[in-house]
Amino acid sequence: HVLQKNHYDAIIANNAAEALEILDKQNCDLILMDIQMPGMDGFAATEAIRKRGKDASGQVPIVALTAHAMAGYHEKCLKAGMNGYLTKPFKPDELLAAVEKQLNADIVG
């Protein structure tokens, strides 16, 4: 709701397999990746996305969403191929800042 309220289109995937199916059908500008999902977790899903290589879906920015705030976890997410990290629970302005940072990095970079 926060994204839609701020004029972003959002597609919700209920699990990693569904997210991969969505990426097969359309390009996305950004993925908000829950780390703790049933079946395939966020790390495995990120690996599957990054294996797509240079095509648009393989290069899309991925922001980890996790309840884990322990030391080193942010680095673990970045090492896994994610571009950003947001600890749950997060405030709406934190979510928007993370989204805008990644979308602006794509424009600048």
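Tutor: Rings of Phe, Tyr and Trp (its six-membered ring) count as a pair if their centres lie within 6.5 Å; planes under 30 degrees apart are stacked, over 60 edge-to-face, and the rest tilted. This is a predicted model, in which local features need pLDDT of at least 70 and side-chain atom pairs pLDDT 80 or more, while totals for chains, interfaces and linings use all residues. Residues are numbered from 1 along each chain as its sequence is written, and side-chain values use heavy atoms, with hydrogens and water left out.

Student: How many aromatic pairs does that rule give?

Tutor: The count is 2 aromatic pairs. In one of them, the ring centres of F43 and Y73 are 6.1 Å apart and the planes stand at 70°.

Student: What makes the pair of F43 and Y73 edge-to-face?

Tutor: The centres, 6.1 Å apart, are within the 6.5 Å limit, and 70° is over 60, so the pair is edge-to-face. F43 belongs to helix 3 and Y73 to helix 5, so this pair ties together parts that are 30 residues apart in sequence. Helices (H or I, at least four residues) and strands (E, at least two) are DSSP runs numbered from the N terminus.

Student: Why is the pair of Y73 and Y85 called tilted?

Tutor: The ring centres lie 6.4 Å apart, again within 6.5 Å, and the planes are at 55°, which is neither under 30 nor over 60, so the pair is tilted. Y85 is in strand 3 and Y73 in helix 5, so the parts tied together are 12 residues apart in sequence. Ring pairs thus link F43, Y73 and Y85 into a cluster.

Student: How do you know whether F43 and Y73 are buried or exposed?

Tutor: Buried means under 20% relative accessible area, exposed over 50%, and partly exposed in between (1.4 Å probe, protein chains only). F43 has 15% and Y73 has 8%, so F43 and Y73 are buried. Y85 is buried as well.

Student: Why is strand 2 described as largely enclosed?

Tutor: Strand 2 (residues 62-66) has 5 of its 5 residues buried, so the rest of the structure largely encloses it. I62, A64 and T66 cover one side, V63 and L65 the other. In a regular strand the side chains alternate between the two faces of the sheet.

Student: What makes strand 1 and strand 2 a pair?

Tutor: Two strands pair if DSSP finds at least two bridges between them. Strand 1 (residues 31-34) and strand 2 have 4 bridges, in the parallel sense, so the rule is met. M33 has A64 as its bridge partner in strand 2. A64 in turn has Y85 as its bridge partner in strand 3.

Student: Where does T46 sit, and is it buried or exposed?

Tutor: T46 is in helix 3 (residues 42-50). T46 has a relative accessible area of 0%, so T46 is buried. Beyond its neighbours within four places in sequence, T46 is in contact (heavy atoms within 4.5 Å) with M33, I62, A80, G81 and M82.

Student: Why is there no disulfide between C28 and C77?

Tutor: A disulfide is a pair of cysteine sulfur atoms within 2.5 Å. The sulfur of C28 has its closest cysteine sulfur in C77, 20 Å away, so the two are too far for a bond. The structure holds 0 disulfides. C28 is partly exposed at 23% relative accessibility, whereas C77 is buried at 0%.
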